[in-house]
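Hi everyone, thanks for coming. Let me put the model up, and then we can walk through it together.

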Amino acid sequence: MRDSSDKRLIEDVIPIDVISRTSASEKVGGRVGHPASLHLWWARRPLAASRAAVYAALVPADGRTRTLEEESGFFDSLCTWGGDEHAIRTARNEVLAASNGTPPKVVDLFSGGGAIPLEALRLGCDVTANELNPVAHLIERMLMEFPQSYPGLADDVRKWGQIWVDSAWQDLAQFYPTVDGGTGQQHLLADDETEQRLPLAYLWTRTVRCPNPAVQEHDAHLVRQTWLGRKKNRLVALKPVVDRKKLSLRYEVVTAATEEALGFDPAEGSRGGELSCRICGAPVTGQHVKAEARAGRMGTAPLAALAAKPGRKGRDYLAVGQYELPDDAECLKRLEELPVDPLTEPLPGTMRITGGTCMVYGFAQYRDLFTPRQLLALSTFASGIHTVYEKACDEGMEPGRAGAMATALAMALNRVADRLSSLCRLDTKNEGGTNTFARQALPMVWDFYEANPFAGASGDVRKYLKETADLIDRLSTLPRAATCVRGSAAALPLPSDSQDAVITDPPYYDNISYADLSDFFYVWLKRSVGFLYPTDLGGELTPKRSEAVVAAYRHAGDKDEARQHYEDLMERSFTEAHRVLKPGAPLVCVYAHKTTSGWSSLVEALKNAGFTITEAWPLDTEMPERAVGRGTASLASSIFLVARKRRPDAGVGSEAEVMAELDQIIMERRARLEELGITGSDLVIATVGAGLRALTRYERVEQDNGEVLPAETFLEMVQSRVLDAIFGSLAGTDAITRYYVAAQYSYGYAAVPFDEANNLSRMTGANLDGSGGLTTGPNPLVSKVKSTVVLRDFEDRGDDERLGQPDTEATGTMPLYELESSATPPLIDVAHGVLWRAEHRSADVRPYLMSVNVDVIALRQVIQTLAGRALRSSSSETKSREASAAERLLVSWRTIIGERGLL
């Protein structure tokens with residue numbers, strides 16, 4: 001039998017650049033047959049990264065015959081979405097061979113959107129997918145159980161799905177009337193030619209009563225902006241037309257080639273619900289809007305409708321009066337006649353959802369997120385699923401198969417719901433609609449886009465039905481079905497010592513509560529297939545008590561108690577992973593939290609559960625436009641953290657022993673990574689991760705005073721030691737200079753999320769923000785723009801005559817107070833002053849150096865570091881202007897300084 005403790009490929013070397021690239025590219029463009037086409041789930045791991053993690057965790061490092069270049073090529077073929085099936089077969093054979101021909105058992109504790117267990121299934125594993133959330137659990141069953149258990153299920157979905165849609169259209173056609181149009185238009189759902197078009201969507205805005213007491217009562221339109229389409233040489237917008245006699249407002253559709261030709265500014269409108277009433281000019285405050293909304297007096301007003309042009313290429317925009325408006329009273333009357341419970345479940349409180357909330361505007365129940373027509377359409381679809389299920393059973397379909405078919409229809413319904421709420425926006429670039437969860441939030445939307453679920457565009461039920469059936473077809477070819485379990489990760493229904501690997505993407509510290517977000521879909525699943533899953537869908541909303549997240553609102557606002565809840569659940573979950581793992585088998589965490597507190601919580605949980613961390617690999621799995629196209633640098637968006645069961649006789653380690661071992665690990669790991677061409681923030685993170693081995697290989701580590709060394713303290717020490725090792729002679733320099741060098745090494749001059757930069761500043765001992773921080777003062781070292789920060793180089797700062805002069809007005813990074821004229825300024829301040837003068841006023845360099853209190857040898861080391869290759873993220877990258885200036889200065893250093901130094 002295989003020795004499960006042999007070193008795995010993920011503990012030796014994997015091509016992280018290839019895995020990062022294929023993961024990022026997977027998120028770009030159309031992904032036909034991708035699991036994302038089944039149902040939305042937040043933070044779903046890329047399949048490329050998941051496949052790489054599973055493969056590298058299960059195959060041994062020893063005996064590899066591929067060169068590094070060949071290994072990279074193989075991972076490229078293996079991980080590229082829609083790529084070479086031969087590579088997948090090869091990987092599957094290698095995984096089986098490593099397990100003596102028996103499918104290895106793999107469990108994911110927190111399966112979420114199902115990416116990791118799906119890829120384990122694809123590579124031939126015997127998979128258990130555990131998940132607490134019932135929405136995610138049904139998504140997983142639809143991905144990894146039903147398609148493999150019921151051959152031909154896709155055809156059932158197509159057949160019965162068509163019956164379902166036809167029936168819904170018959171009931172709803174009168175609520176989606178056509179408009180006059182030319183020939184060649186959509187055939188609706190009939191086979192005959194027609195000269196009528198269905199509107200693709202309807203545009204609306206929110207309204208409240210205008211607060212002006214001097215004018216007769218009228219509505220203030222909370223229109224945020226009136227752009228409709230913004231394409232080259234074709235700009236379309238709505239022009240507000242006020243009738244002050246009637247105290248009314250209508251909109252004309254205006255098309256022009258340029259913004260000037262429009263004759264008005266479509267960007268004018270409300271900001272955060274505040275505006276001047278277009279009818280009377282009175283100010284409408286945000287406080288007034290909230291008060292009106294909470295009193296139930298927020299309404300809607302129509303803006304326009306969209307229809308496809310003849311031939312369905314392009315859009316026509318129809319002003320109000322050119323299409324029929326819905327009869328809300330009739331919609332509500334028909335809704336009451338359906339065998340579907342009203343959506344009275346409560347929306348999450350304002351503390352529960354980040355990224356903005358509509359709940360402060362009086363939205364209290366889920367039905368408040370939908371217009372009457374939207375509620376009627378979605379409820380009709382939900383009721384129809386039950387009807388189709390019963391008809392299929394009546395015609396002889398086995399109930400389990402009919403249930404799988406009905407669940408597939410429910411997945412399509414939820415995709416429609418995501419596109420059919422009053423929180424969807426008009427995307428003026430693509431002239432279509434966004435989905436409800438364009439962000440992981442339920443923000444207020446002042447102008448919303450109501451899709452037509454039968455019109456052949458965004459939100460069309462037939463589109464999602466087809467994608468669901470096509471995906472089932474693809475998934476049906478997988479080797480076997482997975483075991484999908486709904487339950488807590490702290491109580492797995494698996495025997496002890498039974499699993500060959502645990503590979504999981506655990507919840508991220510204080511990140512978003514997916515239970516609260518998923519309630520949006522849960523309420524529709526209850527109404528469509530709740531009769532099939534009374535246990536999973538029997539509650540009012542999704543279970544939240546056992547969700548691993550730092551959610552203070554669930555603990556009476558006590559964040560410390562919420563943090564303790566999260567840490568306890570994580571430790572119990574990893575203790576359960578320890579129980580079910582075979583001796584020596586690996587655990588792989590795909591982790592993405594970037595703060596020291598997040599990391600330390602994970603490390604403590606793993607250590608306390610009996611694991612030793614053996615390896616860490618950084619990956620950048622974000623879409624290119626997020627990281628590069630927008631000029632934003634970031635630490636790796638995911639980390640592969642690898643762990644093994646700790647030896648029973650590990651005992652207690654001393655801080656001195658751990659730090660000595662740590663230095664050796666850092667030296668070996670850094671040399672190995674640099675040999676592989678890994679630099680920048682990836683090198684820092686990977687080395688820090690490897691350094692955790694020194695702490696976690698002991699049951700506990702005691703400081704000199706006998707107290708336990710906390711993981712958070714150790715992480716700070718590891719990060720500091722890693723930076724010392726990388727920058728060598730700069731280890732003893734001032735904290736401000738260390739931060740600048742480390743930040744330039746990790747990010748260059750791109751914008752960096754503040755939290756990541758702040759974490760790095762803590763590593764180096766600098767203060768990024770606040771009084772005397774690097775972002776403060778007339779000439780700061782770092783500029784802060786919203787939630788990001790950017791380094792300022794010598795050209796940005798060096799022309800300040802007082803830079804590096806601590807005995808005058810504080811214009812540099814050092815505060816003025818409590819400084820003697822002989823105080824030593826940050827070396828980076830002086831380096832910037834010297835570099836600027838060398839480039840622009842070379843004769844001033846020597847006098848400037850004579851005027852500052854600085855160690856010239858240390859200064860030269862800083863400038864040498866700024867010029868060195870190590871500060872480039874790759875050998876092909878051109879040098880920054882600062883690096884080039886530093887090189888030029890070093891060439892003339894002796895001439896400037898003199899043979900005997902500054903005298």
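Let's start with the loop between strand 17 (483-486) and strand 18 (501-504), where Aspartate 497 lies. Strands here are DSSP runs of E with at least two residues, helices are runs of H or I with at least four, and both are numbered from the N terminus. Aspartate 497 is not a glycine, yet its phi is positive, about 55°. Its relative accessible area is 42%, so aspartate 497 counts as partly exposed; that class lies between buried, under 20%, and exposed, over 50%, with a 1.4 Å probe and protein chains only.

A quick word on the source: this is a predicted model, where local features need pLDDT of at least 70, side-chain atom pairs count only at pLDDT 80 or more, and totals for chains, interfaces and linings use all residues. Residues are numbered from 1 along each chain as its sequence is written, and side-chain values use heavy atoms, leaving out hydrogens and water.

Now, the sheet. Strands 17 and 18 belong to an open sheet of seven strands, ordered 17-2-1-18-19-21-20, with mixed pairing; to pair, two strands need at least two DSSP bridges between them. What stands at the edges? Strand 17 and strand 20 (611-619) do, each with a single partner strand, so one side of each has no neighbour in the sheet. From one strand to the next, the twist averages 20°; angles run from 0 to 180 degrees between N-to-C directions, using axes fitted to C-alpha atoms, for helices over the stretch in contact. Strand 18 runs parallel to strand 19 (residues 587-591), joined by three bridges, and threonine 504 has cysteine 589 as its bridge partner in strand 19.

Helix 6 (residues 134-144) packs on this sheet, touching strand 2 and strand 17, and its direction makes about 170° with that of strand 17. Contact here means heavy atoms within 4.5 Å.

On to a second positive phi. Lysine 786, also not a glycine, has a phi of about 55° and sits in the loop between strand 25 (782-785) and strand 26 (788-791). With a relative accessible area of 79%, lysine 786 is exposed.

One last stop, the hairpin of strands 8 and 9. Strand 8 (residues 234-243) and strand 9 (residues 248-256) pair in the antiparallel sense over nine bridges, and lysine 239 is partnered by glutamate 252 in strand 9. Four residues lie between these strands, and leucine 247 takes a positive phi near 50° in this hairpin.
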